[in-house]
Amino acid sequence: MAADAAAAPAQRTYDEEMQFIEQQSPVEFLVKIGMVPNMRVPGKFYLNDRLKTLLFDELRAATQRGGSGGFLPAVKQIANVAAMPGIVKLSMAMPDVHSGYGFAIGNVAAFDMADPEAVVSPGGVGFDINCGVRLLRTNLMEEDVAGVKEQLAQALFDHIPVGVGSQGIIPTTAADLEAALEMGMDWSLREGYSWAEDKEHCEEYGRMLNADPSCVSARAKKRGLPQMGTLGAGNHYAEIQVVDEIFDTAAARKMGIERTGQVCVMIHSGSRGLGHQVATDALVAMERAMARDGIAVNDRQLACARIDSEEGQNYLKAMACAANYAWVNRSSMTFLARQAFAKLFNKTPDELDMHVIYDVSHNIAKEEEHVVNGKQMRLLVHRKGATRAFPPHHPLIPVDYQFTGQPVLIGGTMGTCSYVLTGTEKGMHQTFGSTCHGAGRARSRNNSRNSLTYTQVLDNLKAKGISIRVASPKLVMEEAPESYKDVTEVVDTCHEAGISAKCVKLRPIAVVKG
């Protein structure tokens with residue numbers, strides 16, 4: 001293992017650390033070079049007055065405990081990423097930022113692919129590769145489902161396998177898995193689990209072309225085979241939602257959202273055990289690569305490899321397979337959700353207008369072209385707990401959204417609202433076309449378990465008129481709204497900063513969780 005970079009200076013006080021943070025606007029903060037050793041670029045984060053308290057309190061607590069125990073505070077993680085080889089412009093964090101493994105959740109960092117020293121880091125993608133959100137519309141209104149809300153929640157729960165260790169019901173052989181890893185949603189389309197137009201409204205059209213299943217370990221495949229088409233547990237969910245507010249009528253209409261009260265379905269899931277194993281395998285390989293190539297980082301959780309190295313390329317190919325798996329996973333659950341609605345309403349999914357509005361990824365690294373300091377550059381953009389948000393007229397977004405910008409799906413927490421945003425030109429210039437991904441944790445899972453009871457959480461949801469089906473009731477405390485930041489504050493901060501624009505607000509009426 002390569003030695004960590006030069007030793008950090010003597011422990012600073014909170015006030016001394018704050019000297020390295022400069023507020024540039026009501027919602028923008030700069031992390032100056034020097035906060036940690038060897039920073040190549042500054043850091044930046046977006047927070048409003050109500051959200052910044054959490055970040056600064058975390059930094060204060062870390063200085064008081066002397067830097068030992070737990071993850072580093074998020075602002076230090078942002079700074080450490082700014083010290084990685086090949087990084088350009090800024091190490092950025094979105095308003096839902098919180099501490100994570102190596103990179104903070106909400107961190108965005110881009111590396112120059114023309115720089116032979118530039119690196120790729122699994123910590124900059126996360127363990128749940130291509131964890132993402134898909135939104136389906138329907139032509140149903142809230143009054144159409146009010147009388148059958150409980151039955152609809154049960155139908156979704158019965159159709160979609162949920163919970164820790166859940167197994168898929170769509171028949172999948174080892175050969176099917178190999179094909180799905182390589183083909184992504186093209187496999188779903190071939191097998192009849194997806195509509196042809198679904199992939200048009202999916203990031204990367206539901207398939208990363210550099211996927212190579214031979215780079216995915218046998219253990220990862222073994223974990224992934226039984227889980228295809230399953231929701232999983234943790235913060236993953238399937239929700240029946242209604243349109244609560246429309247901020248941009250023209251953009252909403254392009255998405256097929258015509259009026260408040262319209263029923264939608266949101267699916268939030270990722271690559272399950274397969275993605276986790278891909279990340280774990282890569283971290284082991286990259287520790288060896290760092291020792292061989294003399295790559296030094298400030299935090300050993302930032303294990304990385306040069307992009308063009310064998311380890312770097314193998315990870316990117318395996319990560320692409322896991323991303324494809326996640327798109328297949330969400331496509332399979334889309335198929336099952338359509339079946340559930342069709343059965344209950346005795347209409348075909350087509351008659352119910354159950355089209356995919358969009359499908360976004362928020363744990364992924366992708367090769368993209370961006371302008372940095374007036375120069376067109378080919379970059380490897382890591383988005384961990386952050387969502388791509390490309391502006392109108394960008395060639396990589398669907399023709400339907402060329403005049404409105406890419407839809408950005410922001411999932412709320414259990415029982416709270418969700419949002420659809422659109423990408424902006426300002427975001428393209430400032431954040432490599434990136435924005436937030438959700439609410440972001442305010443409490444650790446352990447703290448949530450100790451502070452809440454699952455009966456309290458379920459009773460609170462019922463009091464709001466939300467039907468709920470949960471496979472593991474004792475895990476719901478971890479995902480209670482009290483465990484997270486206010487998603488509206490997060491979205492409002494992105495809107496105020498201009499890095500994405502509010503389009504639609506959605507309110508849950510039924511939740512299915514693992």
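A residue counts as buried when its relative accessible area is under 20%. In this predicted model, R12 has a relative accessible area of 15%, so R12 is buried. The points below cover R12, a mixed sheet with two helices beside its strands, and a helix pair.

**R12 and its surroundings**
- R12 sits in the segment before α1 (14–18).
- The side chains of R12 and E17 are joined by a polar contact of 3.0 Å.
- A polar atom of the R12 side chain also lies 2.9 Å from the backbone oxygen of M35.
- Leaving aside residues up to four places away in sequence, R12 touches E17, F20, G34, M35, T63 and K76.

**The sheet**
- An open sheet is formed by 7 strands in the order β1-β2-β3-β4-β5-β13-β12, with mixed pairing.
- β1 (21–25) and β12 (363–372) are the edge strands, each pairing on one side only.
- On average, neighbouring strands of this sheet are turned by 25° against each other, direction ignored.
- Strands β3 (residues 43–46) and β4 (residues 91–98) run parallel and are joined by 3 bridges.
- Opposite K44 stands M92 in β4.

**Helices on the sheet**
- Helix α3 (residues 74–81) packs on the sheet and touches β1, β2 (28–31), β3, β4 and β5 (105–112).
- The direction of α3 makes about 155° with that of β4.
- Helix α15 (residues 487–497) lies across β3 and β4, at about 145° to β4.

**The pair α10 and α11**
- The axes of helix α10 (residues 272–293) and helix α11 (residues 310–345) come within 10 Å and cross at roughly 170°.
- Angles over 145 degrees count as roughly antiparallel, so α10 is roughly antiparallel to α11.
- The contact of α10 with α11 has 11 nonpolar, 3 polar and 3 charged residues.
- Residues that meet there include L274 and V278 in α10, and Y315 and M319 in α11.

Conventions:
Residues numbered from 1 in each chain as written. Predicted model: local features only at pLDDT ≥ 70, side-chain atom pairs only at ≥ 80, totals over all residues. Heavy atoms only, no water. Axes fitted to C-alpha atoms, helices over the stretch in contact; angles between N-to-C directions. Helix = DSSP H or I, 4+ residues; strand = E, 2+ residues; numbered from the N terminus. Parallel < 35°, antiparallel > 145°, perpendicular 65-115°, else oblique. Contact = heavy atoms within 4.5 Å. Nonpolar A, V, L, I, M, F, W, Y, C, P; charged D, E, K, R; others polar. Buried < 20%, exposed > 50% of the residue type's maximum accessible area, 1.4 Å probe, protein only. Polar contact = N/O pair within 3.5 Å; in protein donor to acceptor, adjacent residues only side chain to side chain. Pairing = 2+ DSSP bridges.
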